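Please look through the sequence and the model with a careful eye before reading on. The questions below move from confidence to the sheet, its loops and a pocket.

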Amino acid sequence: MNLDDTIVAIATPPGRGGIGVVRLAGPEARAIAEPMLRGTRELEAGRAIHYDLIEPGWLDGKDTLELDGSEPRHYNPATTRIDEVVVTYFAKPHSYTTDDIVEISAHGSPVVLRHIVELALARGARLAEPGEFTMRAFLNGRLDLTQAEAVRDLIDSQTLFQAKVAAQQLEGALSNRLKPIKRDLVELIALLEAGIDFAEDDISVAPDAVIREHISRVQAPLLQLAATFSYGKIIHQGLTLAIVGRPNVGKSSLFNRLVERERAIVTAQPGTTRDLVSETVALDGIPLELVDTAGIRSAHDEAESMGIKKSKEALADADLVLVVIDSTQPLSDEDHDLLSLVDGRQAIIVENKSDLVGSFEDPTLARSSGGGPPRDSAAARNFPPRIRTSALTGEGVSALRKAILRHVAGDSAQDSEAGFLTSVRHQKLVHDALRSLDAASNAVGARVPHEMLLLDLYGALRPIDEMTGATTTDDILNLIFGTFCIGK
Ligand code: GDP
């Protein structure tokens, strides 16, 4: 990856728009941009300045770029104006990539924007690869890897909440959470490295108990971080929620109730191949794909009713299941079948049609989930909450929304500022680190030599570094030679 050349790209999305931006980054950014600009002021760092965009004179041999005091800088009367532009110059190192950057905001015509890029290419710029500006920011040390990934997530976000989470990661929320973990681990490594150096002097650096305690001090926050992934993943990818129930219990009506408030940002996916209707809505900023088995009517001549069959399909992909029952009727066999299907899954039982008569208390249901959650919290988690709703009047629908959100956030309504795992890459790395720490912990128990123990600790350090993209050798050396004053 060449970091010394100047790259150029259209930074705004394809198509026409009010404005479009061409971005140039690299040592020649300014020299390449200036001949295209005609105006009365020179580029100035951190300032947006208005210019005419012109064909540079050097292209047609009519170059009249002489400067004499009050003369405009790039005055070429023979050249016609292509556009009016506003140009912002970010001087090295105070720019996104830490290089010199020139951003030309033209009117958002693809023709004009492409022409600006071509002019830049003719002057020696290179077309940027996808993500190359951010790549440079990373390689130049302006962003770490988690932050670079956050830029992508921010751009990809579908809801404002997702954007906020990405912005916090961009600020370094996750990196900051990793820092003390890494510091502790590096300290332990340094301690053991120093111990090996002193081995011949018969000095035991630390008793096993101390080492083990130190390892668990690294493990604990890493485990907490690993636990944030289930929520982080949902924020990042959203949640699939299946609405199941036998025909006519009110699934479609409930579905419509759940999506109505968020209509504006709904993306409909009609006619999916499996006859399942699905729509994505944002519930408190979390994308929620609702899968409805609507339109499915019981096919009595089949051994297994279509309702059950389709419900099974919907269930297969669901993170959470809403089992809708008709509270005006006793539970049918089909209801029981459905309830046993979702047994052991994350589910909410919705007793719909609460506007009609009182709830029909079915003894079976009452035994399995009624009477409030049991005291034992582990069991409570397995008990699907029951919510009474009326899709007709809207009663209970907001309680249902809350129950869905409670399921999403879990007990620990995560503080996004604390930083959490949203990507599979991060999750894998945290698990890799934990596995190595486990091995290290066992190694202490087995009283293996510290050289071997260190292999496991380095094995834990590597994935932590891979998360941020940092290199560690220097950190360890600094600690060993700085803190321990070995003096060798
Ligand atoms: P689905 O087959 O499970 O999707 O059920 P629908 O949503 O199509 O509803 C079946 C019928 O029940 C329709 O006539 C709805 O208007 C009605 N319905 C749905 N929910 C309620 C409710 O909460 N109260 C009342 N009274 N009727 C409802």
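What follows is a set of questions and answers on this structure.

Residues are numbered from 1 along each chain as its sequence is written. The model is predicted, with local features needing pLDDT of at least 70 and side-chain atom pairs pLDDT 80 or more, while totals for chains, interfaces and linings use all residues, and side-chain values rest on heavy atoms without hydrogens or water.

Q: What is the mean pLDDT of the protein chain?
A: pLDDT is the predictor's confidence in each residue, from 0 to 100. In this predicted chain 74% of the residues reach 70 or more, and the mean is 78.

Q: How many contacts beyond four places in sequence does the model have for residues 58-76?
A: A contact means heavy atoms within 4.5 Å. Throughout residues 58-76 the pLDDT stays under 50, and where pLDDT is low, the predicted coordinates should not be read in detail. With that caution, the number of such contacts in the model is 29.

Q: Which strands are at the edges of the open sheet?
A: Helices (H or I, at least four residues) and strands (E, at least two) are DSSP runs numbered from the N terminus, and two strands pair if DSSP finds at least two bridges between them. The open sheet has 7 strands with mixed pairing, in the order S3-S4-S5-S6-S2-S1-S7. Each edge strand pairs on one side only, and these strands are S3 (37-38) and S7 (126-127).

Q: About what angle does the direction of H3 make with that of S1?
A: Axes are lines fitted to C-alpha atoms, for helices over the stretch in contact, and angles run from 0 to 180 degrees between N-to-C directions. H3 packs on the sheet and touches S1, S2 (17-25) and S7, and its direction makes with that of S1 an angle of about 135°.

Q: Which residue of S7 stands opposite valine 8?
A: S1 and S7 run parallel and are joined by 2 bridges, whereas S1 and S2 pair in the antiparallel sense over 4 bridges. Isoleucine 7 has alanine 25 as its bridge partner in S2 and stands opposite arginine 126 in S7. Valine 8 stands opposite leucine 24 in S2, and in S7 it stands opposite leucine 127.

Q: Which residue of S6 is the bridge partner of glycine 17?
A: S2 is joined to S6 by 8 bridges, and the two strands run antiparallel. In S6, the partner of glycine 17 is glycine 108.

Q: Which peptide bond is cis, with omega near 0°?
A: Most residues other than glycine have a negative phi, and most peptide bonds are trans. In the loop between S5 (81-90) and S6 (101-108), threonine 98 has a positive phi near 75°. That loop also holds proline 93, and the cis bond runs from lysine 92 to proline 93.

Q: Which element gives the most to the lining of the second largest pocket?
A: On a 1 Å grid over the protein atoms alone, a pocket is an open set of points where a 1.4 Å probe fits, with protein on both sides within 12 Å along at least five of seven lines, and lining residues have an atom within 4 Å of a point. The second largest pocket has 22 lining residues, with Pro130, Gly131, Glu132, Phe133 and Thr134 nearest its centre. S1 (7-10), H3 (132-139) and H4 (145-156) each supply at least two lining residues, and the element giving the most, with 7 residues, is H4.
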